[in-house]
Amino acid sequence: MANYFNTLPLREQLNQLGQAEFMDSSEFADGVNALKGKKIVIVGAGAQGLNQGLNLRDSGLDVSYALRKEAIEQKRDSWKNATDNNFVVGTYEELIPTADLVINLTPDKQHTSVVNAVMPLMKEGSTLSYSHGFNIVEEGMEIRKDITVIMVAPKCPGSEVRAEYLRGFGVPTLIAVHPENDPQGKGWAEAKAYCVGTGGHHAGVLKSSFVAEVKSDLMGEQTILCGLLQTGSILSFDKMVEKGIDPGYASKLVQYGVEVITEALKHGGVSGMMDRLSNPAKVKAFELSEELKDIMRPLFQKHQDDIMSGEFSKTMMEDWANGDANLLKWRAETGETAFEKTPAGDVKIGEQEYFDNYVLMVAFVRAGVELAFETMVEAGIKPESAYYESLHETPLIANTIARKKLFEMNRVISDTAEYGCYLFDQACKPLLKDFMKNIDTDVVGKNFNDGKDGAVDNVKLVQINEILRNHEVEVVGRKLRKAMTAMKAIKTV
Amino acid sequence: MTEPVVHIRNLNVQYSKNVVLNDLCWSIHHGQNYLLGGKSGSGKTTLAKAIAGLLPTNHEIKFHFDPSSNLPAKVIYISNWFQFTNLEGDRNFYYQQRYNHHQGHDTLTVKAELQHFAEKENLDFNIIEERIRDFGFEDLLNSQLIALSSGEHKKLQLIRGLWPQPQLIIIDEPYTGLDKHSRTVLNNWLDELVVSGSQIILITNDTQLPQSINGFTQIIDGKINEVKSRSEIQVDNNRQKRQLPDFLKNAPSTSYDTVAELKNIFIRYGEKQVLKDVTWTVNVGEKWLLQGANGSGKSTLLSLINGDHPQAYGHDLSLFGNKRGSGESIWDIKQKIGIISPEMHWYFDQKATVWHTIASGFYDSIGWFIDVKFTEKQQIEELMEFFDLTAYRDQLLHTLPLGKQRLAMLARTIIKNPPLLVLDEPCQGLDIEQTKYFNDVVDELAVLGKTLIYVGHYESQLPSCIEHRIVLEKGEVKAIENILESV
């Protein structure tokens with residue numbers, strides 16, 4: 001199978017990369033009707049599979065689960081998840097031939113084998129759905145011409161997809177139809193109905209393409225979302241311990257700080273986050289982040305280049321073929337870091353304290369969000385897509401760190417994200433060595449404002465505010481956030 | 001005379017402009033066990049928290065514990081609200097989570113939670129085993145915290161709180177959610193603690209108290225006001241009857257005869273059988289009382305009816321004339337139901353004001369949407385007026401006295417004029433006067449063709465419109481009967 005993107009002429013590459021349209025809520029007026037009475041069979045009952053299925057059924061749709069024979073016979077977790085919630089469960093042979101819509105929610109790594117097993121069993125004219133385009137775009141899987149191929153990708157972990165649905169909302173979702181597989185022209189109608197069934201239409205839907213989704217999703221998750229949060233968290237923790245801050249305090253500040261800080265990002269973008277700092281702290285965070293952007297820009301560019309050329313997916317697939325040797329090694333190393341092994345201390349940290357005592361993380365987040373966004377847009381990805389894959393998702397990933405640190409983050413994210421995260425982290429830490437030498441506890445661990453009189457230079461502050469607010473990620477972000485009808489607060493610990 | 005155990009001089013507490021405690025002075029002497037009662041919002045919880053050291057104070061409170069006692073020389077405060085966390089201290093749960101079955105375990109088991117606590121406080125597990133048995137809690141030791149009902153959570157909270165037995169124990173609304181038997185167990189336990197050297201302060205307006213209570217006090221205008229007996233404690237003013245808003249006077253139109261029809265329903269979570277062969281029919285317009293001890297399956301039964309339970313599919317269950325799983329969405333079902341439950345209140349959006357709370361009722365969402373139509377806005381205003389909530393319009397829900405919070409939650413359920421009202425222990429944590437007030441409102445709302453399912457523990461505190469009763473015991477239907485006289 002050849003890399004699909006690389007087989008396209010440049011004209012078509014640019015066309016598919018550049019697809020991103022924020023959909024108006026009136027486009028969802030038909031609700032779930034396009035799928036009503038149709039038979040939906042989900043393959044895989046992990047976090048995404050189970051929770052999307054619960055939502056679709058609660059929206060009045062007919063949902064059952066197809067699992068591999070061994071998973072059923074051995075009563076694995078996927079089988080328990082589905083049967084404990086009273087779903088019909090059967091083998092591929094039993095259920096796939098009856099399905100009007102087959103939803104593939106297995107891990108990326110299994111897509112080729114799953115699709116090869118499922119495709120011959122699928123009904124003439126039925127639909128196959130993905131929630132990530134890797135298999136189609138990077139692995140070049142070709143689907144039978146009578147089958148419609150769509151993508152519905154909720155931009156949140158499965159548990160959030162369920163929780164938000166039950167609260168009466170949803171999570172932002174990206175939908176696409178594969179241009180090579182829409183023989184009946186029903187792809188968009190079904191993708192929209194599926195999206196309504198999971199609640200996504202309440203939170204903003206982006207009309208995208210398989211190509212744009214893959215190339216931006218890989219970039220976001222490797223750099224700002226997982227990679228930089230991991231690198232920043234570990235470096236911050238180690239620095240505090242090195243400088244004599246209580247490890248329990250340091251652990252708590254890092255574990256929850258990233259969630260509290262990025263919560264401000266969710267509401268008011270990068271400038272909203274920076275505005276939570278005092279003026280002198282903001283100036284400091286700005287200067288640190290400018291420095292970080294200069295240091296890390298080549299690394300961000302390398303990641304984007306490798307993603308576009310297919311180099312990244314090739315290397316990763318080689319690791320798959322090699323029994324995940326690198327992935328498992330890096331995963332084990334992450335589990336052994338001092339941050340991971342130090343439990344959060346039993347100290348109270350107030351919401352504002354997370355900003356005042358963790359200016360360094362604010363700088364990391366600004367640098368990472370802006371760099372990822374800038375690099376993606378330079379590579380031909382639309383600002384709307386770039387926004388979702390950088391700024392928008394950062395608080396969601398931060399939330400998993402707050403839950404159970406980096407181990408949890410890497411458990412929840414996809415296997416491609418986990419691989420890319422480690423790849424970035426390995427390269428980024430040495431790059432920041434000199435930068436970290438000059439870092440002291442005034443920007444991580446202690447209140448930056450202590451002992452300062454709060455004075456700043458007027459002209460400098462005005463300039464900084466202008467640079468922050470006029471960045472393109474802020475301009476497009478203001479527009480997209482306004483379109484989301486509901487924005488709710490998380491609770492701080 | 002020896003020095004008082006607790007000596008408070010000129011304690012002042014205010015929240016923004018609102019003065020709660022005003023130069024308050026109070027001495028609690030050895031051997032005094034108090035009932036702290038009075039009107040809601042008078043500052044009882046604030047005072048308790050101040051004594052327990054949970055509010056910043058400037059040495060206005062002095063303690064003289066008994067140095068010869070072998071009990072820990074400290075004070076414990078058991079709050080009226082139980083907030084458990086998952087394994088890593090996160091609290092971002094949603095209220096239906098206990099019904100959604102995953103293989104992942106997000107919270108500790110009851111036993112692990114107690115063992116963890118014992119380790120932290122250096123306590124002996126053996127001394128608590130008898131209490132666990134008394135409360136009927138043994139079977140739950142291996143349950144996940146998230147799977148407990150509200151009454152079971154209260155028991156766990158009491159067991160944890162009383163276990164270290166310090167010299168001074170303050171309990172805020174000790175009886176919230178407890179069934180009759182458990183109340184007696186608790187009162188006996190408190191009496192035993194007093195005999196063995198502890199002092200207790202209970203914040204409640206309840207009448208069934210431990211025998212050891214020998215002092216009665218309340219807070220008036222921010223100051224302590226001691227009285228001779230319980231009957232002298234002030235209660236909230238009676239409710240002024242108001243005109244029901246016009247938009248609620250139209251009986252909802254119904255195209256079906258039965259609201260809910262359940263036949264031979266079995267629900268289990270792993271090993272735990274929660275409902276066993278339950279058959280029950282609720283016809284349009286009927287007013288039902290649902291009763292049963294803590295953990296008997298009441299909330300699970302209701303979750304089947306309001307669309308919250310994933311196991312509702314694949315059973316012989318019809319709602320509003322439609323077989324469950326025949327193409328209806330949970331939002332179609334919720335649209336016809338107004339519901340309150342302790343769990344829902346726990347998990348309700350902390351950022352919601354009273355206005356947002358009521359507005360969210362139009363959409364059955366927790367929290368709120370921005371787009372509220374003009375007529376809907378008018379209805380919200382009318383309803384706030386009806387419930388005497390207009391003055392609290394822009395205040396955060398969770399900062400109001402509990403009674404007011406519950407009224408706002410009731411307003412939320414009623415705002416869309418639903419055909420079915422499901423009120424699961426709506427008066428949990430409210431005192432007798434507040435309960436009466438609340439139930440009066442329920443009676444007024446229920447006359448107009450609405451179907452009612454009401455869960456309540458105490459027979460004296462129910463709306464008078466109730467006419468049928470279903471009783472659950474360990475997941476089985478023990479009785480279905482008509483109530484001839486109004487209760």
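Chain A of this predicted model has 24 helices and 9 strands. Its radius of gyration comes out at 23 Å, close to the 23 Å the globule rule gives for 493 residues, so chain A is as compact as a globular protein of that length. Here are some whole-chain values for chain A.

| Property of chain A | Value |
|---|---|
| Span of the C-alpha trace along its principal axes | about 70 × 45 × 40 Å |
| Share of the 493 residues that count as buried | 62% |
| Exposed area | about 17200 Å² |
| Share of the exposed area from carbon and sulfur atoms | 51% |

Sequence-distant pairs show up a lot in the contacts: take those in chain A between residues at least 6 apart in sequence, and 79% of them join residues at least 24 apart. As for charge, chain A carries 55 positive and 70 negative side chains, with the centres of the two sets 3 Å apart.

Over to chain B. Its domain assignment gives domain 1 as 6-106 + 163-232, and domain 2 as 246-482. The C-alpha centres of these two domains of chain B lie 30 Å apart.

One residue to click on is B:P426, which sits in the loop between strand 16 (420-424) and helix 12 (432-446) of chain B. B:P426 has a relative accessible area of 1%, so it counts as buried, the cut-off being under 20%. Leaving aside residues up to four places away in sequence, B:P426 touches B:I340, B:R406, B:F438, B:Y454 and B:V455. As for B:K272, it is 154 residues from B:P426 in sequence and 27 Å from it in space, C-alpha to C-alpha.

Notes. Residues numbered from 1 in each chain as written. Chains lettered and ligands numbered in written order. Predicted model: local features only at pLDDT ≥ 70, side-chain atom pairs only at ≥ 80, totals over all residues. Heavy atoms only, no water. Domains from an automatic or database assignment. Helix = DSSP H or I, 4+ residues; strand = E, 2+ residues; numbered from the N terminus. Rg over C-alpha atoms; globule rule 2.2 N^0.38 Å. Buried < 20%, exposed > 50% of the residue type's maximum accessible area, 1.4 Å probe, protein only. Contact = heavy atoms within 4.5 Å. Areas by Shrake-Rupley, 256 points an atom, 1.4 Å probe, with all protein chains shown as cover. Lys, Arg positive; Asp, Glu negative; His and termini not counted. Charge placed at Lys NZ, Arg CZ, Asp CG, Glu CD.
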